[in-house]
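Please open the structure in your viewer and have selection by chain and by residue number ready. The tour goes from the contact between two chains to the strands of one of them.

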Number of protein chains: 2
Amino acid sequence: MSGRLTIIGLGPGNVEQVTPEASRAVAEATFFYGYKPYVDRLGLRDDQQAITSDNREELTRAQEALEKAAQGYHVAVVSGGDPGVFAMAAAVCEAIEAGPDEWRGIELGIVPGVTAMLAVAARAGAPLGHDFCAISLSDNLKPWDLIELRLLAAAGAGFVIALYNPISKARPWQLGRAFECLTAVLPGTTPVVFGRAAGRPDERIRTCLLADASPDMADMATCIIVGSPETRIIRREGQAPLVYTPRSATGPRR
Amino acid sequence: MSGRLTIIGLGPGNVEQVTPEASRAVAEATFFYGYKPYVDRLGLRDDQQAITSDNREELTRAQEALEKAAQGYHVAVVSGGDPGVFAMAAAVCEAIEAGPDEWRGIELGIVPGVTAMLAVAARAGAPLGHDFCAISLSDNLKPWDLIELRLLAAAGAGFVIALYNPISKARPWQLGRAFECLTAVLPGTTPVVFGRAAGRPDERIRTCLLADASPDMADMATCIIVGSPETRIIRREGQAPLVYTPRSATGPRR
């Protein structure tokens, strides 16, 4: 008997940014696996059951959810933002590939959501208005050297860079080192946006220049957008500045 | 007198993927500026007015919308997907920066949406499960050399690559050239996902290997996701394969 597993993206945390598709998927499932703060947002019914776990237990969570679905239940795995961006969809795929054959028979659905960088960008202007990349600064699952290589490659080629998982108690020095790397390639006048809880009542969006960016401006719930050399700031009286990257770009810097 | 301008992301085209925030923003505005197919989705009321224009007239459209808002009206500019990703938010910011001072006084709001690569990824598995970038293949506003430089830098550093605006009647050869560039850096076995109309009734998601990827698999409404060397394909009986990029990665390839 093989059930259903739906991986649901809940968006950045504002209920107005949860898609109707995600709301319907939540209404239809019976068992909910996820990081506690995300599951707590759901307002489950009495006939629905939450199984919450810690932030760093993605693979175990994915396996437990797949086991439950393989028993014939309709199971949901919930993610903040979009489940495909540094979140649960990859963990579930990893578990399926390494797991028993029957897990490949589970009906798998993935519901996309508004990922953090889009919500932060919308509050700042249009910093992602041209070619951009997203890099997780967590070196739990990849070597730090690889992260530095990617930061340098991306900045050197003129990509705007969105940094996910910028800092945590267990990873205190990485963000400072990332700013040092970027400063070696980018002008100190490059705009940097620190976005926390975008679209929520406790939202905090802060813009500064790369030369003034400091790790203590971020915490683990912050998404940071580092501009390219083309990124600009428009000052406005009585309103926050607009940060944007023009749609046009000039030739390679050789 | 200074009005309001809201730039609204309508998501990939499935009404279930329009956020409540976007629906509310549509309900509140009076004048709607946008590319005709997007505005046509809105189902406007009799007291709301659509001003549609062609796909390549973003800056003129932004200026007209700002002029209307500056007259005190509540104006909306609509985008498919997310307005901050190769869409109208950057065009409006450009127009504000170059325009009369009073445009900076307009109350500007941006409503994020699910951008195409997220919708395509959700239908394919989790191809964006690790560090990734988004590149527009249009060389209307940037030189082709810069696009090649970015493709090579991104592929060489192990980013998954989402290609927006891959091909059009006016840009027939660029996608083939992009595949050639990528083939010089990536294994021919790298998975490639062609996603068209993700989440819509006419959806078409197709997965192949880079060695077999061909420009005729795409049109202007396709978003293409080119994996990294780490990206994997899980075959499933009776279901489409899952394409995913693991959360972990090994060291830099030197």
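**A tour of chains A and B**

Begin with the pair A:R232 and B:E97, which form a salt bridge whose closest N and O atoms lie 2.7 Å apart. The model is a predicted one, and that distance of 2.7 Å is accordingly a computed value. Between chain B and chain A the count of salt bridges is 12, the one from A:R232 to B:E97 among them. Polar contacts may be displayed next: 32 residue pairs between chain B and chain A make them, both residues being at pLDDT 80 or more.

Now select helix α4 of chain B, residues 88-98. With seven residues, this helix gives the largest share of the side of chain B that touches chain A. Colouring that side by residue class shows 41 nonpolar, 16 polar and 18 charged residues.

**The whole interface**

Widen the selection to every residue in contact across the two chains. There are 75 in chain B, and they meet 75 in chain A. The size of an interface is often given as the accessible area lost when the parts come together. Here, chain B and chain A bury about 6,500 Å² between them, and 59% of this is on carbon and sulfur atoms. Which three residues of chain B supply more of its buried area against chain A than any other three? Select B:E16, B:R150 and B:R247, whose contribution is 12% of that area.

**A strand pairing across the chains**

Proceed to strand β7, residues 132-136, in chain A and in chain B. The two strands run antiparallel and are joined by three bridges. To find the register, centre on A:A134, which stands opposite B:F132 in β7 of chain B.

**Strand β4 of chain B**

Leave the interface and select residues 74-79 of chain B, which make up strand β4. Is this strand mostly covered or mostly open? It is mostly covered, with six of its six residues buried. B:H74, B:A76 and B:V78 point one way from the strand, while B:V75, B:V77 and B:S79 point the other way; all of them are buried.

Add the strands that pair with β4 of chain B. Strand β1 of chain B, residues 4-9, runs parallel to β4 and pairs with it over six bridges; within this pairing, B:G9 stands opposite B:S79. Strand β2 of chain B, residues 31-35, is also parallel to β4 and is joined to it by three bridges. To close the tour, select B:F32, whose bridge partner in β4 is B:A76.

Key:
Residues numbered from 1 in each chain as written. Chains lettered and ligands numbered in written order. Predicted model: local features only at pLDDT ≥ 70, side-chain atom pairs only at ≥ 80, totals over all residues. Heavy atoms only, no water. Contact = heavy atoms within 4.5 Å. Buried area = accessible area lost by both parts, 1.4 Å probe. Salt bridge = Lys/Arg side-chain N within 4 Å of Asp/Glu carboxyl O. Polar contact = N/O pair within 3.5 Å; in protein donor to acceptor, adjacent residues only side chain to side chain. Helix = DSSP H or I, 4+ residues; strand = E, 2+ residues; numbered from the N terminus. Nonpolar A, V, L, I, M, F, W, Y, C, P; charged D, E, K, R; others polar. Pairing = 2+ DSSP bridges. Buried < 20%, exposed > 50% of the residue type's maximum accessible area, 1.4 Å probe, protein only.
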